[in-house]
Amino acid sequence: MAQSPDLSIPFDRNKNVTATYGETIDFYRKLAAAFPKQVLLSPHGSTDSGHPLHTVVLSIDGIFDPVQLKQAGKSILLVNNAIHPGEPCGVEASMQLLRDYLHDQSKADLLKEVVIVVIPYYNIGGGLNRGAYSRANQLGPEEHGFRGNAKNLDLNRDFIKCDTRNARTFNQIFNYWQPDIFIDNHTSNGADYQYTITLIPTQHNKLSPVLAQYLQEDMLPQLYEGVAQRGWDMTPYVYARSIPDEGIAGFLDLARYSSGYAALHHTISFMPETHMLKPFADRVASVYAFMDAMIQVLNRDGNKIRDLRGRAFQAARTQKQFAVNWQLDQERSDTITFKGYEAGYKKSAISGLDRLYYDRNKPFEKQIPHFNYYKATQTVEKPSAYIIPQAYREVLERLHWNGVRIHQLTEDLAVDAEFYYIEEYQTSRSPYEGHYMHSQVQVRTEHLERQFHAGDYVVFTGQPADRFLVEVLEPQGADSYFAWNFFDGILMQKEHFSSYVFEDLAADYLDEHPDLKNKLDTKRKEDSEFANSARAQLNFIYENSPYYEPTYKLYPVGRMKPGIHLPVIGVSELGE
């Protein structure tokens with residue numbers, strides 16, 4: 001008689017232990033060997049650690065191709081674990097979940113309509129950097145991984161910029177599967193309260209309206225009820241300015257974050273955030289309960305969710321204006337019941353000054369405001385196409401990884417299009433995840449004829465990726481490629497003048513252009529500092545002459561108007 005495979009995990013023996021990266025992958029190898037018709041373990045691409053990124057697919061019908069699965073009416077749930085390996089409860093919860101669904105027929109029946117795709121361990125480099133002290137605010141597990149990856153970057157800030165091989169591979173996995181629902185498992189920092197699990201859903205004001213309405217009115221109530229039925233109260237993520245009593249806010253999940261990235265693809269996303277001061281075993285159990293409840297909702301509402309996603313894609317293809325920046329609406333809030341602990345102040349044993357603490361002997365249940373509405377602060381008009389010089393290879397690769405259909409010019413061409421000049425912007429004074437980000441971007445629009453060349457790229461709008469395109473290619477966007485420094489070469493002037501050489505040339509130019517001379521005289525009268533600077537006056541003439549470089553602060557991506565024919569060929573592949 002064949003011996004049953006050992007599908008135990010370290011957590012089964014010690015509830016305060018999380019599996020190493022190697023132990024995690026070894027478990028899934030055994031699971032795939034034990035259930036070869038239902039489980040597929042696959043390596044994909046690479047990560048900065050040198051190890052491949054794996055996916056585990058649980059498909060009861062034994063179909064592992066996303067196109068065939070969608071044609072068969074299956075809903076796809078993608079689960080990401082250990083993006084921060086010091087927050088590993090999803091690692092254990094996912095191993096238990098798949099094991100239980102394969103052994104329990106009543107659970108397996110829920111998978112007749114649902115396929116589960118799990119990334120067992122996303123931040124492999126952080127997982128290999130294992131120790132006991134990197135999570136000073138957290139209760140267990142005994143050892144765990146580190147937040148930064150092998151390049152010491154936070155992967156939950158890298159979904160758009162893709163500085164890491166992890167994110168580049170993830171982009172391609174996500175767009176291969178095009179999941180209907182995405183879960184990215186985390187553990188929180190912050191205030192103390194009674195809940196073991198809190199939840200960040202996609203910020204509903206940033207979703208397509210049809211998906212937002214379903215999320216708020218149907219899906220979230222089902223999930224809160226489902227998790228409660230499994231023994232765990234759940235509350236919105238406790239995003240508070242000070243103590244939660246004064247109110248909590250919805251999280252603005254920009255595209256750098258997993259849930260904001262998913263929203264660009266019209267995927268409803270969730271970040272469960274378990275509480276760092278609850279026992280590790282409870283955190284694992286609450287995440288298990290959330291994923292279990294999600295599968296039940298998908299089993300019930302899968303057809304509706306897929307239909308709504310289809311409508312969202314279609315609406316984006318014809319949508320004319322897109323929001324690219326948002327801010328919290330502090331005039332609008334809901335009221336929720338919150339179970340917390342009374343906050344107080346006492347003398348610090350270290351400094352002797354007042355310090356905050358939460359008194360677990362004084363639990364409370366009260367109504368607090370939930371500020372969960374964001375309003376658009378900037379919108380842009382979608383062009384009929386973007387035209388991108390081939391020099392910006394890194395931008396084009398990222399578009400390709402995200403399912404954008406790209407074409408190439410077949411000949412040199414003078415293109416009449418709309419272009420932006422970057423008028424104003426702020427740059428961070430210290431690096432943020434390897435970049436000095438730009439914000440508060442203001443542009444001036446000019447209609448110009450610019451020379452493009454055979455091999456330059458054209459991206460027509462009216463495709464499923466329209467929302468993604470607009471948010472990354474419009475420089476005003478909070479997480480645009482411009483904001484992430486992909487176009488910084490345009491922000492530095494390349495040519496200048498020597499004053500003693502330009503003096504005579506400038507004098508001749510003023511004689512030939514009396515209008516400019518009048519402007520110079522006016523500026524001298526209005527600005528005494530300018531009038532006392534010979535260099536400033538020469539520079540004024542230089543900037544208003546044909547000698548001044550037209551590409552300085554010129555955003556090189558053209559915006560095409562409808563009705564212009566471009567000689568292009570299709571591009572099917574654009575590798576790294």
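**Exercise 1.** Locate Phe371 and list what Phe371 is in contact with outside its neighbours within four places in sequence.

*Solution.* Phe371 lies in strand β13, residues 354–371; strands (E, at least two residues) and helices (H or I, at least four) are DSSP runs numbered from the N terminus. The model is predicted: local features need pLDDT of at least 70, side-chain atom pairs count only at pLDDT 80 or more, and totals for chains, interfaces and linings use all residues. Residues are numbered from 1 along each chain as its sequence is written, and side-chain values use heavy atoms, leaving out hydrogens and water. With contact taken as heavy atoms within 4.5 Å, the partners of Phe371 are Glu246, Ile248, Ala249, Gly250, Leu328, Asp329, Gln330, Arg332 and Ser333. As for Ser430, 59 residues separate it from Phe371 in sequence, and the C-alpha to C-alpha separation is 30 Å.

**Exercise 2.** Decide whether Arg256 is buried, partly exposed or exposed.

*Solution.* Start with the position: Arg256 sits in the loop between β9 (248–249) and α9 (258–264). Next, apply the cut-offs: buried is under 20% relative accessible area, exposed over 50%, partly exposed in between (1.4 Å probe, protein chains only). Arg256 is buried because its relative accessible area is 10%. Beyond its neighbours within four places in sequence, its contacts include Asp158, Tyr432, Asp479 and Trp484.

**Exercise 3.** Name the buried residues of helix α16 and the helices they pack against.

*Solution.* Within α16 (residues 534–543), Gln537, Leu538, Phe540, Ile541 and Tyr542 are buried. These buried residues pack against α13, α14 (514–526) and α15 (528–531). Helix α13 spans residues 499–512 and contains Glu503, which is partly exposed at a relative accessible area of 40%.
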